[in-house]
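User: I would like to go through this model with you, one question at a time, and hear the reasoning behind each answer.

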Amino acid sequence: MKHPQRISFLVRHLKSSGISLVIINLINSLIKYDFLIDLVILDIGESPYLSEISKDVRIIDLTMPISGSNLRNPFQLIISISNYLREQKPDILFANIWLYNVLVIFAKILGNRSTKIIIIEHDHLLINLKNSSPSNIKKQPILNKALPFLVTYFYPFADNVIAVSRSLATELEQVFHFKKGQIKTIYNPIFNEKIREKSEELMDHPWFKEGEPPVILGVGRLAKEKDFATLIRSIALVRKSKDVRLMILGEGIERKNLENLVKELGLENQVLMPGFVINPYAYMSKASVFVLSSTREGLSNVLIEAMTCNIPIVSTNAKGGVLEVLANGKYGEIVPVGHYQAMANTIIRVLELEGNNKTFDLSWLQQFSIENITKEYIEIINLNSKSPSKITD
């Protein structure tokens, strides 16, 4: 009798982040294909997403203390993962994010486990560390300094490496000298009709009432790589010719710096940062322009969400999958990274276009659909399995 495969996904936490959303979408879809799914979390903490996880998914909290993005005791994690692999014997474990990928591989080697390890790379941090100047390297935590070496040595022990965009896959191959084609590209599972349903929910916010000035919207963690400072500076320029407001949805360590910038520019009444919201799609569908100001993006889930909500887009030419999502500018205006004057000019131009609300090509968005991406993951599971599962529609 064929036993269902146990597939595990390791994540750092379930706080508001693109990776959390991607993994939840994926496991909720895979569970429908008769897999046994474990969601292994280093430190579950408080999460807005817990209620979104299928009741058929087993959640395992390793209660590893994390400070920011850093693990306080990597050896404790290695032991915990090794014990988990020994006791639960998952067929495949998908590991997400830099250092934890290395530690998972080390745990498998240490314990001589049969579990297949598949790594998912979500952004360019490894490449940035590899290419950092000596002065920048000095500022990094010790483990981050060692990451490029650890990746070069340990990643070949993984059974597969997945990158979430072709751009990221190509750069990883070049920088870490993987063989061409060794890293498989699988986009993030983002597009689904539920986003459109949620975008139609009523929202009682005074800024979106009829007759109010246009709202420019940004969404994401308040982190340096999202570069919301450039977006705020661009709005200060836009306001010299147009009465607009800026709303940024998200939370993060840069909040205080951004609030100080808002005060410095005298925009306290025109810029609002309400924090994380569970349904950003209701805001996307009602705002006038969506702006991505990032310096780097693995793929950019939020652009796919904005396209699904039919909001005009202005985006930086961020390192990563931005151009792949926007078809090299077909589905959004592209501006240089960190160039707030160009961003301001482009926002003004988009606002002045008549009938600028557009319906994005559904066939284009399908490549990011949960259904299609799930099938790609099942294919890679089958490649690493003694008893492949059947893919059915």
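The questions below move from the overall make-up to the cores, the aromatic pairs and the salt bridges.

User: How many helices and strands does the protein have, and what percentage of its residues is buried?

Analyst: This is a predicted model, and its secondary structure comes to 16 helices and 17 strands. Among contacts between residues at least 6 apart in sequence, 69% join residues at least 24 apart. The protein exposes about 18,100 Å², with carbon and sulfur atoms supplying 50% of that area. Of the 393 residues, the buried share is 56%.

User: Which helix gives the largest share of the largest nonpolar core?

Analyst: The largest nonpolar core has 110 residues, and those with the most contacts inside it are Phe9, Leu39, Phe94 and Phe290. Leaving aside neighbours within four places in sequence, the contacts of Phe94 include Phe9, Ile118, Ile162 and Tyr377. The largest share of the core, eight residues, comes from residues 98–111, that is, from helix α3.

User: How many residues are in the other core, the one that includes Leu222 and Leu258?

Analyst: In soluble globular proteins, nonpolar side chains tend to be buried together. Here another core lies apart from the core of 110 residues. Among its members are Leu222, Leu231, Ile235 and Leu258, and its count of residues is 28.

User: How many of the residues of helix α12 are buried?

Analyst: Helix α12 spans residues 301–308 and is largely enclosed by the rest of the structure. Its buried residues include the polar or charged positions Asn301, Glu305 and Thr308 as well as Val302, Leu303 and Ile304. After α12 comes Asn310, with a positive phi near 60°. Within the helix itself, the buried residues number eight of the eight.

User: How are the rings of Phe149 and Tyr153 arranged, stacked or edge-to-face?

Analyst: The structure has eleven aromatic pairs, and in this one the ring centres are 6.4 Å apart with 15° between the planes. Because Phe149 and Tyr153 are four residues apart in helix α6 (residues 142–154), about one helical turn separates them. Planes under 30 degrees apart count as stacked, so the arrangement of Phe149 and Tyr153 is stacked.

User: Which residues make the nonpolar surface patch that includes Phe149 and Tyr153?

Analyst: Phe149 is exposed, with a relative accessible area of 60%, whereas Tyr153 is partly exposed at 47%. Both also belong to one aromatic cluster with Phe106, Phe154 and Phe157. The patch covers about 450 Å², and its residues are Ile109, Phe149, Tyr153 and Phe157.

User: How many residues apart in sequence are the parts that the pair of Phe208 and Tyr283 ties together?

Analyst: Phe208 and Tyr283 form an edge-to-face pair, 6.0 Å centre to centre with 80° between the planes, and both residues are buried. Phe208 lies in the loop between α8 (193–199) and β10 (215–219), whereas Tyr283 lies in helix α11 (residues 281–284). The pair therefore ties together parts whose separation in sequence is 75 residues.

User: What is the distance between the C-alpha atoms of Phe276 and Val219?

Analyst: Phe276 lies in the loop between β12 (271–275) and α11, and its relative accessible area of 32% makes it partly exposed. Not counting residues up to four places away in sequence, Phe276 touches Ser16, Pro48, Tyr49, Gly250 and Glu251. Phe276 and Val219 are 57 residues apart along the chain, and their C-alpha atoms are separated by 8.9 Å.

User: Which residue forms a salt bridge with Glu212?

Analyst: A search of the whole structure finds 15 salt bridges, and in this one the closest N and O atoms are 2.8 Å apart. Glu212 is partly exposed at 35% relative accessible area, whereas its partner is buried at 18%. Glu212 lies in the loop between α8 and β10 and the partner in strand β11 (residues 245–249), so the pair ties together parts 33 residues apart in sequence. That partner is Arg245.

User: Which residue of helix α14 forms a salt bridge with Glu333?

Analyst: Glu333 lies in strand β17 (residues 333–335) and its partner in helix α14 (residues 340–352), so the bridge ties together parts 16 residues apart in sequence. Glu333 is partly exposed at 30%, and the partner, at 40% relative accessibility, also counts as partly exposed. With the closest N and O atoms 2.9 Å apart, the partner of Glu333 is Arg349.

Key. Residues numbered from 1 in each chain as written. Predicted model: local features only at pLDDT ≥ 70, side-chain atom pairs only at ≥ 80, totals over all residues. Heavy atoms only, no water. Phe/Tyr/Trp six-rings, centres within 6.5 Å; stacked < 30°, edge-to-face > 60°. Helix = DSSP H or I, 4+ residues; strand = E, 2+ residues; numbered from the N terminus. Buried < 20%, exposed > 50% of the residue type's maximum accessible area, 1.4 Å probe, protein only. Patch = residues over 30% accessible without salt bridge, like charges linked within 9 Å, V, L, I, M, F, W, Y side chains within 5 Å. Areas by Shrake-Rupley, 256 points an atom, 1.4 Å probe, with all protein chains shown as cover. Salt bridge = Lys/Arg side-chain N within 4 Å of Asp/Glu carboxyl O. Core = buried A, V, L, I, M, F, W, Y, C linked by side-chain atoms within 4.5 Å. Contact = heavy atoms within 4.5 Å.
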